[in-house]
Amino acid sequence: FTLRPEPVDVAAHLREVVASFEERARRAGVRLAVEVDDVGIIEIDPDRLAQIVGNLLENALRYTPEAGSVRLSVRAEDGSLVVAVADSGPGIDPEDLPRVFDRFYVAQTYRGVRPEGSGLGLSIVQRLVTAMGGTIAVTSNDRGTTFTVTFG
């Protein structure tokens with residue numbers, strides 16, 4: 001991946017990214033919430049950050065049922081930038097969690113329900129996050145899934 005870091009107002013940038021998903025969320029009947037702290041100007045690749053967050057939002061909206069919610073939160077924590085996307089979907093089965101970042105892996109639960117997924121998105125997200133010096137973690141239960149990306 002090619003990275004082009006530059007000074008970015010992360011809060012403003014990610015608010016714009018979320019805005020591009022508002023219509024889709026409205027059509028799906030999903031509440032899209034944003035909790036973005038002013039984390040200041042950070043040296044980061046804005047296009048790749050948008051790609052990471054966009055992919056996570058896309059997945060969250062895909063698997064969240066009508067009347068559910070998707071939340072993007074951005075905060076500074078212990079000198080790091082923490083970006084999380086949480087949904088109120090059905091969650092990921094515990095046996096699938098270790099493989100969610102594998103290329104072409106689609107959880108068994110979703111194969112019939114959501115055939116449009118190729119299993120590449122989360123693999124790409126993980127590779128981008130790692131290339132940018134960050135980490136990504138996932139937690140899930142029957143009340144939803146949260147992907148947390150940490151830089152710094």
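Contact here means heavy atoms within 4.5 Å of each other. In this predicted model, that criterion identifies what covers the buried residues of helix 5, which includes helix 3, strand 6 and strand 7. The points below take the sheet and then the two helices.

**The sheet**
- Five strands form an open sheet in the order 2-4-5-7-6, and the pairing within this sheet is mixed.
- Strand 2 (31-36) and strand 6 (134-141) stand at the edges with a single partner strand each, so each has one side left without a neighbour in the sheet.
- From one strand to the next, the twist averages 10 degrees.
- Eight bridges join strand 4 (residues 69-77) to strand 5 (residues 80-87) in the antiparallel sense, and Glu 77 has Ser 80 of strand 5 as its bridge partner.

**Helix 5**
- Helix 5 (residues 121-131) packs on the sheet, where it touches strand 6 and strand 7 (144-151), and its direction makes about 140 degrees with that of strand 6.
- Its buried residues are Leu 122, Ser 123, Val 125, Leu 128 and Val 129.
- Gly 133, which follows helix 5, has a positive phi, near 80 degrees.

**Helix 3**
- Asp 45 caps the N-terminal end of helix 3, with a side-chain oxygen 2.9 Å from the backbone nitrogen of Asp 47.
- At 1.5 Å a residue, the 18 residues of helix 3 (residues 46-63) should span 26 Å, which agrees with the 26 Å between its end C-alpha atoms.
- Because 13 of its 18 residues are buried, helix 3 is largely enclosed by the rest of the structure.

Methods. Residues are numbered from 1 along each chain as its sequence is written. This is a predicted model: local features need pLDDT of at least 70, side-chain atom pairs count only at pLDDT 80 or more; totals for chains, interfaces and linings use all residues. Side-chain values use heavy atoms; hydrogens and water are left out. Two strands pair if DSSP finds at least two bridges between them. Helices (H or I, at least four residues) and strands (E, at least two) are DSSP runs, numbered from the N terminus. Axes are lines fitted to C-alpha atoms, for helices over the stretch in contact, and angles run from 0 to 180 degrees between N-to-C directions. The expected span of a helix is 1.5 Å times one less than its number of residues. Buried means under 20% relative accessible area, exposed over 50%, partly exposed in between (1.4 Å probe, protein chains only). A polar contact is a pair of N or O atoms within 3.5 Å; within protein, one must be able to donate a hydrogen and the other to accept it, and residues adjacent in sequence count only if both atoms are side-chain atoms.
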